Amino acid sequence: MPVDLTVRERILEAGFACVARYGLAKTTVEDVARASSLSRATLYRYFPGGREQLLRDVIAWETGRFFGRLAEAVAGAPDFPSLLEEALLFAHRAVEEHEVLQKVLQTEPERLLPQLTVESERILVFIRRFLVPYLEREELRPDVEPEEAADYVARLLLSFIGNQGRWDLSDPAQVAELVRTELLAGVLVNTPSDP
Amino acid sequence: MTLVGSDRVGTQEQRVIDAALRCIARWGIGKTTLDDVAREASISRATIYRLFPGGKDALLEAITRTELDRFFSGLAQRFDEAPDLEDLLVAGMVYACRALACHEALQFVLAYEPEVVLPKVAFHHADRVLTAISAFAAPYLAPHVGADVAPRVAEWVARLVLTYTLAPADNVDVGDEESARRLVRTFVLPGLESTVKQ
């Protein structure tokens with residue numbers, strides 16, 4: 001275990017590993033204490049709400065990590081449309097390949113989803129804040145403000161990350177079309193031309 | 001619409017369903033019993049079991065079906081009355097948002113029993129919702145945008161209604177006509193032009 005992990009992070013990481021192994025319903029404070037090589041007393045000091053708080057924070061922590069990885073993956077994109085394309089391709093794949101998420105969605109959706117719905121408000125704020133500086137550098141259509149456009153784009157991104165609907169988000173050509181039309185046609189003065 | 005045709009429930013069933021919706025809005029799905037519903041509907045327990053032999057589960061299924069019928073026939077009416085594409089989109093969004101936001105039973109369940117409803121509509125299961133809405137709305141959009149892109153456009157607008165209704169924004173309220181119109185004019189119509197142009 002890397003030495004720079006704070007105690008709190010060490011507990012959260014152990015909690016995530018326990019959820020991966022036992023699921024949300026069966027993970028106990030004892031399991032997490034054992035997995036993190038810490039005492040139960042220490043865990044309760046960091047998570048006074050016990051099991052419930054610990055699991056809630058594990059979900060919030062992994063959600064934050066997921067979107068942190070996403071932000072990192074797209075930060076080097078050459079322009080705003082490409083950034084959104086990369087974000088959709090990356091996030092779609094990352095959701096499909098997230099084994100713990102897929103397992104819990106399959107076996108315990110009733111425990112995970114209410115929590116993720118609470119998290120989604122925070123995620124929206126995170127995506128919006130991430131997008132605003134990029135939008136401030138673009139030429140926006142008349143009457144469109146960066147904040148407003150960021151909120152609109154963030155909402156659609158999150159919606160498509162959850163479910164691709166009639167689109168195939170593993171196909172770069174379709175993703176480019178989606179970004180050019182639904183996400184950005186009302187936002188940018190110049191949207192990328194047809195491929 | 002075919003949805004509200006021959007399989008429309010009888011008046012006695014509807015009375016039970018309406019009573020059950022009032023109970024759920026008050027106590028939630030978990031705590032509502034068939035006894036509660038019988039009392040609320042002023043009907044005997046035996047009658048409820050005759051109408052819904054499967055008990056509470058069958059009643060819940062019937063509620064879902066009739067509420068969806070009601071939603072879609074209300075939506076169809078708004079679509080039929082809209083003179084052009086912009087009004088069709090605005091009217092559809094406003095109606096759908098209000099139908100969700102003002103549905104007391106649904107709002108109670110979302111707030112206090114989210115574990116009952118979210119697993120049926122999130123991630124992969126969102127297909128169910130998006131597909132149903134876009135299949136229903138596409139024929140109304142097709143004359144304006146073309147039959148090939150209509151399903152996608154319907155799905156796009158459905159996504160907007162869902163996100164702005166379930167996670168309300170500070171300055172956008174799709175249940176408000178003026179606000180919905182601004183959203184449609186600013187972000188949707190330009191996108192439609194670029195979609196249809198191809």
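Student: How many helices and how many strands are there in chain B?

Tutor: Keep in mind that we're looking at a predicted model. Reading chain B from the N terminus, the elements run α-α-α-α-α-α-α-α-α-α. That gives ten helices and zero strands.

Student: And what about chain A, how many helices and strands are there?

Tutor: Go along the sequence again, and chain A follows the pattern α-α-α-α-α-α-α-α-α. There's no β in that pattern. So, counting up, chain A has nine helices and zero strands.

Student: What share of chain A's residues count as buried?

Tutor: Let's set the scene with the box first: the C-alpha atoms of chain A fill roughly 60 × 30 × 30 Å along the principal axes. A residue is buried if 20 or more other C-beta atoms lie within 10 Å of its own. Chain A has 195 residues, and the share that counts as buried is 35%.

Student: What is the share for chain B?

Tutor: The C-alpha trace of chain B spans about 60 × 40 × 30 Å along its principal axes. Using that cut-off of 20 or more C-beta neighbours, the buried share of the 198 residues of chain B is 30%.

Student: Is A:Phe90 buried, exposed or partly exposed?

Tutor: First find the residue: A:Phe90 sits in helix 5 of chain A, residues 80-97. Buried needs 20 or more C-beta neighbours within 10 Å, and exposed needs 12 or fewer. A:Phe90 has 17 other C-beta atoms within 10 Å, so the label is partly exposed.

Student: Which residues does A:Phe90 touch, leaving out those up to four places away in sequence?

Tutor: One residue to look at beforehand is A:Leu169, which is 79 residues from A:Phe90 in sequence, with 9.3 Å between their C-alpha atoms. A contact needs C-beta atoms within 7 Å. With residues up to four places away left out, A:Phe90 touches A:Leu70, A:Ala73 and A:Val74.

Student: Which helix of chain A gives the most residues to the side that touches chain B?

Tutor: The contact between the chains takes 27 residues from chain A and 26 residues from chain B. On the chain A side, the elements giving two or more residues are helix 7 (109-136), helix 8 (146-162) and helix 9 (172-183). The top contributor gives eight residues, and that's helix 7 of chain A.

Student: How do the residues on that side of chain A divide into nonpolar, polar and charged?

Tutor: We're sorting the chain A residues of the contact, and there are 27 of them. The classes come out as nine nonpolar, nine polar and nine charged.

Student: Back in chain B, how far apart are the centres of domain 1 and domain 2?

Tutor: Chain B is divided into domain 1 (9-64) and domain 2 (82-198). The two do touch, with six residues of domain 1 in contact with seven of domain 2. On the domain 1 side, those residues are four nonpolar, two polar and no charged. Taken over C-alpha atoms, the centres of the two domains are separated by 30 Å.

Student: Why is helix 1 of chain B called roughly perpendicular to helix 4 of chain B?

Tutor: Two packed helices are described by the angle between their axes and the distance between the axes. Here helix 1 and helix 4 (residues 56-81) of chain B have axes 10 Å apart and pack at about 95°. Angles of 65 to 115 degrees get one label, so this pair counts as roughly perpendicular.

Student: Which residues of helix 4 of chain B meet helix 1 of chain B?

Tutor: On the helix 1 side we have B:Glu13, B:Ile17, B:Ala20 and B:Leu21. By class, the whole contact has six nonpolar, one polar and one charged residues. Their partners in helix 4 are B:Leu59, B:Ala62, B:Ile63 and B:Thr66.

Student: Is B:Thr66 buried, exposed or partly exposed?

Tutor: B:Thr66 lies in helix 4 of chain B. Buried would take 20 or more C-beta neighbours within 10 Å. B:Thr66 has 19 inside 10 Å, so it counts as partly exposed.

Student: Is the crossing of helix 1 of chain B and helix 6 of chain B left-handed or right-handed?

Tutor: The axes of helix 1 (residues 11-27) and helix 6 (residues 104-112) of chain B come within 8 Å and cross at roughly 35°. As for its handedness, the crossing is left-handed.

Definitions and conventions. Residues are numbered from 1 along each chain as its sequence is written. Chains are lettered from A and ligands numbered from 1 in the order in which they are written. This is a predicted model: local features need pLDDT of at least 70, side-chain atom pairs count only at pLDDT 80 or more; totals for chains, interfaces and linings use all residues. Axes are lines fitted to C-alpha atoms, for helices over the stretch in contact, and angles run from 0 to 180 degrees between N-to-C directions. Helices (H or I, at least four residues) and strands (E, at least two) are DSSP runs, numbered from the N terminus. A crossing is left-handed if the near helix is turned anticlockwise from the far one by less than a right angle, and right-handed if clockwise. Ala, Val, Leu, Ile, Met, Phe, Trp, Tyr, Cys and Pro count as nonpolar, Asp, Glu, Lys and Arg as charged, and the others, Gly among them, as polar. Domain bounds come from an automatic or database domain assignment. Angles under 35 degrees count as roughly parallel, over 145 as roughly antiparallel, 65 to 115 as roughly perpendicular and the rest as oblique.
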